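Biologist: Before we talk, could you please put the sequence and the structure side by side, and then take me through the charged side chains?

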Amino acid sequence: MGLLSDPYRRRALSRLILRLNTPLCILSYLAGLGWFLGLASPPFTLRSYMSENAMGSTMVEEQFVFGERALSYAREFAGHKKKVGGIPVAWLEKTMWNLGLEVYKQPFSRTLPFPDEMRERYMVKGTNVYGILRAPRAASTESLVLSVPCSTGQHNNQAVGLMLALASYFRGQIYWAKDIIFLVNEHDLIGMEAWLEAYHDVNVTEVLSSGMLGRAGAIQAAVSLELSSDVITSFDVAVEGLNGQLPNLDLVNLFYAFCQKNGLLCTIQGKLQRTDWDTLPAYVHSLQTLLLMVLKQGSGRPQGDHGLFLRYHIEAITVRGINSFRQYKYDMGTVGKTLEGMFRKLNNLLERLHQSYFFYLLPSLARFVSIGVYMPAFGFLILILVLKALDLWMKLSKCDAGPEEQLCDGDQGAAHAAAEESRPGLLILVPPLLICHATGLTLYFLPVLGQHLATQHFPVSESEAVVLTVIAIYVAGLALPHNTHRVLTGCGSERGWMTLKLLSLLYLAMLLGCIALINFSLGFLLAVTMVPVAAIVQPKGPKYLYAVLLVLVTPAATLLLSIVLYQELIEYPVSALECWQLFLQAVSEGLLDHYLYGSIVFPFIALFVYPCWLLLWNVLFWK
C-alpha cells in the first residue's frame with residue numbers, strides 16, 4: 001500500500017513499467033506459448049488414475065458370450081433397414097419386447113433454419129426407439145444409457161446388433177441396481193437432442209416431438225456406441241462435447257481400464273499412445289494429440305452423441321470401433337465383455353461422478369493435464385493486454401498531471417501535445433462502440449433472416465445465401481473506420497485513440513477470460529493470435545503493416561488457419577480450393593450448431609469478438 005500511496009515511489013514504478021513494457025510483453029507471450037508447448041511433456045502431465053472408490057478396480061468377471069447373436073441381430077437389422085428405407089421401428093419394437101424390455105417410441109420433427117446441403121436435409125422427421133430394463137434390486141430412481149445412432153446405409157448396423165445382444169444378456173442378470181435404457185436414435189444429434197429434451201421435459205431448441213411415455217430414473221452416465229464392422233482392431237474414444245464441455249475423467253479412465261484388461265487397443269484422436277515418454281518422437285506424438293483435442297474442443301461442436309448429454313450434467317462418452325490394417329482383430333464377444341464390465345462398474349455408483357476432473361487436456365489416455373497446469377499458459381497471454389492497458393492508462397493520466405509529475409522522459413513531446421488538446425469526454429467512445437456492435441448484431445441476425453430475399457435476387461441456394469451473407473457483412477466491417485469518423489466530429493485527438501484502445505484491450509481481456517473458463521481451447525486459440533497484434537496496433541507507424549496483421553488475426557483467419565493445421569495433424573493435407581470449401585462448410589455448420597443445439601461459438605464471435613476486433617480496426621485508422 002505504501003508503494004501506491006507514496007507519489008515518488010508511484011512515479012518510479014510508473015517509469016519502470018513504461019520503460020520495460022515492450023520487453024515484458026514479449027517475454028510474456030513467449031512464456032505463454034512455451035508453457036503451452038510444454039504441456040505435452042512428462043513434467044506437466046499426471047498419470048491417469050481412478051478417483052471414484054466405487055470404480056477403483058476392474059475385478060469383475062465378464063461373462064458375455066453372445067457375440068454370434070450380436071452379428072445375427074446386426075444382419076437382421078440391416079435387412080429390415082434396407083427394406084423400409086430407414087430405421088425399422090416395428091422390428092426394433094418387436095425385438096426389444098421379445099427380450100423383456102419396456103419398449104417405447106418417440107416421433108419427432110425439426111425444420112432447419114436453412115438447408116443442410118452436406119447431409120441433404122431441411123425438413124427432418126424421424127423416430128427414436130428405446131427399451132428400458134428395470135432394475136430388479138432397486139426402485140427406478142437412477143439409470144444408465146447405452147445409445148446407438150441409426151444412420152443411413154450400412155453404418156452402425158453392428159452397433160445395434162451388439163446393443164440388442166447386451167440387452168438380452170443383461171436381462172438375465174439379477175445384480176442391476178439401476179435401470180438401463182437401450183436407445184436407437186435416428187438422425188444422429190437431432191434425434192438425440194429430441195430424446196433428451198423430451199426425457200427432461202424441456203424444449204430449448206424448438207424440436208417438435210411427442211411426449212415421453214416411458215421414463216426410467218435420473219440418468220447417471222451414458223455411452224454412445226458406433227460400430228460398423230464385424231471385427232475391430234481398436235476403439236477410439238471421443239470426449240469433446242457441446243461448447244467444449246468434457247465428461248468426468250473417471251468415465252474415460254474406466255473405459256480405458258477395461259480395454260487394457262481385455263487386451264483391446266484404445267486410442268484418442270485416432271492416435272495410439274507411445275510408451276517411450278522421454279524421447280523426442282514421443283513428445284511430438286503427444287503434442288499432436290493435444291493439439292487435435294484443442295482444435296476439436298475449440299470448435300464447440302459435439303464430437304458424438306455423448307456431447308449433448310453433458311448439457312444435462314450427465315457424464316457420457318462416445319466409443320467408436322475401428323477396423324484398420326492392424327494385425328490383431330477383436331470379435332463381438334471381446335467388445336461386449338468390455339461394455340459389460342463398464343456398465344457393471346457404473347452400476348455400483350452411489351452418487352454422480354464428481355471426484356475426478358472436469359477440466360483437462362489429454363495428450364494420451366494414460367496421462368492428462370489438469371486445469372491448474374494449463375491455465376498459466378493462457379494467463380501469460382492475458383498479461384500482455386493488462387500491461388498494455390496499464391501503459392496507456394499511465395500515459396493518459398500523465399496528460400492531466402502538472403509539469404512536476406510528468407512520468408515518461410522519452411515521450412515529453414507527445415505528452416505536452418496531448419495535454420494541450422481539448423480533453424475529450426467519454427461520449428466520443430459511444431459512436432464507435434454502437435457502430436461496431438450494430439455490425440455484430442447484423443452479422444448475427446441478417447444471414448438467416450434474409451436468406452429468402454437473397455435467393456430471390458441472386459442465383460444461389462438458401463445455404464449458400466446464408467454463408468455468403470456472413471462473409472459479405474464480415475468484410476464490410478473494413479469500411480467502418482471511415483463511417484465512424486464522420487460521426488466523430490472534432491474528436492481526432494491523441495487522447496481519443498488512446499482511450500479507445502485502452503477500452504478495446506480491457507474488453508478483449510474480459511472476453512477471452514470469460515470464454516476460457518467455459519472453453520479453454522477456444523479462448524487460447526483466439527488469444528494466441530489476437531493478443532500480440534492488439535497490443536501493438538496504433539494509428540502511428542507502419543499503418544499498412546498493422547492493417548495486414550489485423551486482417552491475418554481476425555477470427556475468420558484463425559478459423560482458416562485452424563482448418564489447415566487440423567488437416568496437417570491428421571495427415572490429410574488439402575489444397576487451397578479444398579481448404580476454402582472446408583472453411584465455408586465450417587461456417588455453415590457453426591450456424592447450424594447454434595440454431596439446432598445451442599452452441600455459443602457463433603454468437604460469441606459475432607456479438608463480441610468481431611465488434612472488439614472492429615474497435616481495434618477503428619484505432620488503426622484514427623485520424
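Modeller: Let us begin with a term: buried means under 20% relative accessible area, exposed means over 50%, and partly exposed lies in between, with a 1.4 Å probe and protein chains only. This is a predicted model, in which local features need pLDDT (the predictor's confidence in each residue, from 0 to 100) of at least 70, side-chain atom pairs count only at pLDDT 80 or more, and totals for chains, interfaces and linings use all residues. Residues are numbered from 1 along each chain as its sequence is written, and side-chain values use heavy atoms, with hydrogens and water left out.

Biologist: What average pLDDT does the protein chain have?

Modeller: Of the residues, 91% score at least 70, although over residues 402–411 the pLDDT is below 50. For the protein chain, the average pLDDT is 87.

Biologist: Is Asp116, which meets Arg121 in a salt bridge, buried or exposed?

Modeller: A salt bridge is a side-chain nitrogen of Lys or Arg within 4 Å of a carboxyl oxygen of Asp or Glu, and Asp116 and Arg121 meet that with 3.7 Å from N to O. Arg121 has a relative accessible area of 13% and is buried. Because its relative accessibility is 3%, Asp116 counts as buried.

Biologist: Which residue forms a salt bridge with Lys178?

Modeller: The closest N and O atoms of this pair are 3.3 Å apart. Lys178 counts as buried because its relative accessibility is 2%, whereas its partner is partly exposed, with a relative accessible area of 21%. That partner is Glu142.

Terms used: Contact means heavy atoms within 4.5 Å.
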